[in-house]
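Dear colleague,

I am passing on the structure below, together with some notes on what turned up in it. Please have a look at the sequence and the model before you read on.

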Amino acid sequence: DNLSYCNLLNNETICTVSQEASREGNKDEIYAIVYNALAKERDEVVSVPIDLSSNYIVEKLGDGQSDWVPVKSSVLPNANYAQVVGASSGIVYFEARDTPPLGASVFRVTKLDDERLSSLASDPATPRNLRRSIQNDLDDDIVITNDILSVTFDQSTGIITSIHNLL
């Protein structure tokens, strides 16, 4: 019943809509609609400015239009090197995979309370990549890997600590 949005969320650190929705005490969910203007399927990493006061889970609306499927995500502090006034304290990054040609995918960013966070981390039904992501949020450095490289980031600063060639 109340629609608010941020324009040009690509590479931005300020979005009052997502920052207000993620503030402590606020129970609002954040919905991100990722539009693909290309004539072929597309994968993209999406960043949404949020408040660092909570842990988050990111889910994609499934094909059944009622099922939410967890997607891999990481929350990093926003270093704000440019000293931008009003910049968010953190940014949640997630993979928008298989966005259809000339179409859109819908994602939901939800706050996790401590009880749900620990139950998701220990539940064997939770997808392995989400359990790893939750563990990253709790204690470990962040590791991003593909078929060629493995890059490790310091959890507290976001600085690259190592790069490994996997070939």
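With a relative accessibility of 44%, D98 counts as partly exposed, because that value falls between the 20% under which a residue is called buried and the 50% over which a residue is called exposed. Please keep in mind throughout that this is a predicted model. D98 belongs to strand β6, which covers residues 90-99, and its backbone deserves a second look, since D98 has a positive phi of about 55 degrees although it is not a glycine.

A positive phi is also found at L102, where the angle is near 50 degrees, again in a residue other than glycine. L102 sits in the loop between β6 and β7, the latter being residues 103-112, and with a relative accessible area of 57% L102 is exposed, because exposed means over 50%.

Next come the aromatic rings. How many aromatic pairs does a search of the whole structure find? The search finds two. In one of them, the ring centres of Y31 and W68 lie 6.0 Å apart and the planes stand at 55 degrees, so the pair is tilted; the angle is neither under 30 degrees, which would count as stacked, nor over 60, which would count as edge-to-face. This pair links distant parts of the chain, with Y31 in strand β1 (residues 30-36) and W68 in strand β4 (residues 68-71), 37 residues apart. Y31 counts as partly exposed at 47% relative accessibility, and W68 is likewise partly exposed, with a relative accessible area of 24%.

The rings of F94 and F107 form a pair with centres 4.9 Å apart and planes at 45 degrees, so this pair, too, is tilted. Here F94 comes from strand β6 and F107 from strand β7, 13 residues apart, and the pair is again one that links distant parts of the chain. Are these two residues, F94 and F107, buried or exposed? Both F94 and F107 are buried, which means that each has under 20% relative accessible area.

Finally, there is a feature on the surface to point out. I148, L149, I160, I163 and L167 together make a nonpolar surface patch of about 510 Å². One of these residues, L167, lies in the segment after β10, a strand that spans 160-165, and at 77% relative accessibility L167 counts as exposed.

With best regards

Note on methods: Residues numbered from 1 in each chain as written. Predicted model: local features only at pLDDT ≥ 70, side-chain atom pairs only at ≥ 80, totals over all residues. Heavy atoms only, no water. Helix = DSSP H or I, 4+ residues; strand = E, 2+ residues; numbered from the N terminus. Buried < 20%, exposed > 50% of the residue type's maximum accessible area, 1.4 Å probe, protein only. Patch = residues over 30% accessible without salt bridge, like charges linked within 9 Å, V, L, I, M, F, W, Y side chains within 5 Å. Areas by Shrake-Rupley, 256 points an atom, 1.4 Å probe, with all protein chains shown as cover. Salt bridge = Lys/Arg side-chain N within 4 Å of Asp/Glu carboxyl O. Phe/Tyr/Trp six-rings, centres within 6.5 Å; stacked < 30°, edge-to-face > 60°.
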